[in-house]
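Here are some short exercises on side-chain contacts, each with a worked solution. Keep the structure open beside you and try every task before reading on.

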Amino acid sequence: MTQAQLQETANIPAHGEEPPARKWQDYFGFNTDHKVIAIQYLVTTFIFYCIGGVLADLVRTELRTPEVDFVTPEVYNSLFTLHATIMIFLWIVPAGAGFANFLIPLMIGAKDMAFPRLNAVAFWMIPPAGLLLIASLVVGDAPDAGWTSYPPLSLVTGQVGEGIWIMSVLLLGTSSILGAINFLVTLLRMRIPGLGFNQLPLFCWAMFATSALTLVSTPVLAAGLILLAFDLLAGTTFFNPTGGGDPVVYQHMFWFYSHPAVYIMILPFFGAISEVIPVHSRKPIFGYKAIAYSSLAISFLGLIVWAHHMFTSGIPGWLRMFFMITTMIIAVPTGIKIFSWLATMWGGKIRLNTPMLFAMGFVGTFVIGGISGVMLAAVPFDIHVHDTYFVVAHLHYVLFGGSVLGIYAAIYHWFPKMTGRMLNEFWGKVHFALTIVGLNMAFLPMHKLGMMGMNRRVAQYDPKFTFLNEICTYGAYILAVSTFPFIINAIWSWLYGEKAGNNPWRALTLEWMTTSPPAIENFDKTPVLVTGPYDYGLEKAHEGVPLSDPNPILSAGPNSVLRAEPDPAVAANPEDRK
Amino acid sequence: MQSQTIDPAKTELNHHHTAEATVGHHEEHPDHRLFGLIVFLIAEGMIFMGLFGAYLAFRATLPAWPPEGTPELELLLPSVNTINLIASSFVMHNADTAIKKNDTRGMRTWLAITAAMGAIFLVGQVYEYTHLEFGLTTNLFASAFYVLTGFHGLHVTIGVLAIVAVLWRSRVKGHYSSEKHFGIEAAEIYWHFVDVIWIILFGLLYLL
């Protein structure tokens, strides 16, 4: 079947239920196609990222000078509360779900998710929850007790704002639980014949671990928030010490979710990076099983380390010991991943294009964030820098230097598959350079600030911190500027970019074996697996294939798949390769 | 080297497949709904685990539990209610057995009895609420008691509504049969879940 014929069949909806999205307006409605939902997720969360970024720059503008001169302290409290809430619950967590929605069915050869309608419902909980949060700014009673909403503080600040916060986070939690159910069932039940778990692309492994973690931890946060809502609105005293309640119980419930949540935020992008690096290094991934199983190890360990956020909350000494040790152990599976990526790049023919640059930036900055994490895991050091800018620096290196760079790497890598067009390389590199400079300027000085003793969450500070804060603020401005080349590049390329073809990166995972963008039920024919997802021919790897290489063996198109068959005997029976 | 190829036999199958696919879409996939429900109930269970954990933490940290001055809980009514709820789980299983033998009438009868038993449980719970000597904000135990039993009661209500929905749908002849009985099975699994949670809840709040 030729390319043209394939296009022709692709445009016939295979079922009468839901038309595919052909025009941009189609993305504004209820659509059950996983690819449409994925783009809805990604675009929506990116808009919230921009809003959260504006809030961050307002916070940094206030902190440029030691005095309170830009906004009032109350507004400042709302700004950092909403910045954190939006970035975590409305950007990084759902962005991971966005990529999972696009990639999981394609990577396992399924037509759609297991529950397409549930999938759309999960997405459509996000916009109202986000609007609710932003509306709280407008009604003048925004939540201002920090993104952790620790009682008793959260019980004495604005009631309306706090209620809105609880409602919004509960909605977002429900959304991510429904998403996780869908991913788990899809991954467990809808793989094409012959695709065992040990041939699954690493992104799928990562999403499996992430979804399991979401499923187990998010409901506990919901329970905590239900009790907090009763305290706030019905006058109970679960977490209010004046009525015999115990605020530390809230902290346990909160961190039982919110610590695993940092793995929910980073594991999908560990997965994405594990896809990007072997493709752009033209080499088989090093330590496939080690990377796959370390995701599971991280999600298991992630569930038993939450109290390291509470070393200063008065928990018993033996408990601190336990949580210090388990927290440090998490560095082991994380290190396994980092070393496997480095070993994959070692001796590979690295193509320094934008996705690969972001992936390498991810590895570098994540290592800094990971190391400061190990430092914070040590109880004495944690007590010293608790609630200072050292913590802020650590979490931003992990979440910006990790998750956000991972998201960008994934966008640049899969944009051709999602839209059928390439992103502009030059502007991609400009975007990358600005991001890396801005990120390190904004967050590196914070380590020093924290060690010197500057508190987080306060609008006013000692004038001796002024110089470093100015650097941070200008870094934050650079980060704001860095998104413009990306936004313009994304919109322009989507409309007029160079046509990508089916497989511009010459990748071997299943999603590249269909058209770009994929047709409504993904695959024209049920694909049959012949080799694993990372079997980049060892002898070919060192040759390195330039993008324009017309080599039929590696070039895109369903026909080439047939031609690239390694061995007819193996191809005939997928079971043979086990 | 490359990872996929197209199997001619599969292609044949697939053509056949798309010809029919215009009628229904997701019905042609294998049914994952029961598995999905079980995964969902893990999440539901974790909400209860969170609440139970909080309850145990309060219990462990407070010097006296229940706090001094809390009136004694009456045990007779809740015990009867517990036996009623456990029994209803067995009654409901009969409905499942009946439909697997294509006995729609039997299935409807057993389901109606289950729904009635669920309703009795809820009435008993409301009766208990109105006769307790403490309110939601009396003390920590009272708050926990109402929130935990209330949240469970909400789940029982949803379970009863699910059973009623199945009964409503079974009016159509042939809607459920020995091959097609997802609704009944789903309602049953949910009902057993609610039951198991109640047993833990009863032990924690009344007996411990």
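**Exercise 1.** Is Phe400(A) buried or exposed?

*Solution.* Start with the ground rules. This is a predicted model, in which local features need pLDDT of at least 70 and side-chain atom pairs count only at pLDDT 80 or more, while totals for chains, interfaces and linings use all residues. Residues are numbered from 1 along each chain as its sequence is written, chains are lettered from A and ligands numbered from 1 in the order in which they are written, and side-chain values use heavy atoms, with hydrogens and water left out.

Next, take the cut-offs: buried means under 20% relative accessible area, exposed over 50%, and partly exposed in between, using a 1.4 Å probe and protein chains only. Phe400(A) has a relative accessible area of 10%, so Phe400(A) is buried.

**Exercise 2.** Classify the aromatic pair of Phe322(A) and Phe323(A), then that of Phe400(A) and Phe443(A).

*Solution.* A pair of aromatic rings is described by the distance of the centres and the angle of the planes. Rings of Phe, Tyr and Trp (its six-membered ring) pair if their centres lie within 6.5 Å; planes under 30 degrees apart count as stacked, over 60 as edge-to-face and the rest as tilted. Over all chains, this rule gives 62 aromatic pairs. For Phe322(A) and Phe323(A), the centres are 5.0 Å apart and the planes stand at 85°, so this pair is edge-to-face. Phe322(A) is partly exposed at 38%, whereas Phe323(A) is buried at 3%.

Now the second pair: Phe400(A) and Phe443(A) are 6.0 Å apart centre to centre with 50° between the planes, which makes them tilted. This pair links distant parts of the chain, 43 residues apart: Phe400(A) is in helix 14 (residues 389-419) and Phe443(A) in helix 15 (residues 425-452) of chain A. Helices here are DSSP runs (H or I, at least four residues) and strands likewise (E, at least two), numbered from the N terminus. Phe443(A) has 8% relative accessibility and is buried.

**Exercise 3.** Which ring does the charged end of Arg171(B) sit over?

*Solution.* The test asks for NZ of Lys or CZ of Arg within 6 Å of the ring centre and within 35 degrees of the ring normal. Arg171(B) sits over the ring of Trp168(B), 3.9 Å from its centre. Arg33(B) lies over the face of Phe182(B), at 4.1 Å from the ring centre.

**Exercise 4.** Which residue forms a salt bridge with Glu185(B)?

*Solution.* A salt bridge is a side-chain nitrogen of Lys or Arg within 4 Å of a carboxyl oxygen of Asp or Glu. The count over all chains is 7. Glu185(B) pairs with Lys100(B), with the closest N and O atoms 3.5 Å apart. Glu185(B) belongs to helix 6 (residues 182-207) and Lys100(B) to helix 3 (residues 76-100) of chain B, 85 residues apart. Glu185(B) is buried at 18%, while Lys100(B) is partly exposed at 42%. Together with Asp96(B), Lys100(B) and Glu185(B) are linked in a network of salt bridges.

**Exercise 5.** Where does Asn522(A) lie, and which residues does Asn522(A) touch?

*Solution.* Asn522(A) is in the loop between helix 16 (466-496) and strand 1 (528-529) of chain A. With a relative accessible area of 1%, Asn522(A) is buried. Counting contacts as heavy atoms within 4.5 Å and leaving out residues up to four places away in sequence, Asn522(A) touches several residues, including His34(A), Lys35(A), Pro105(A) and Thr514(A).
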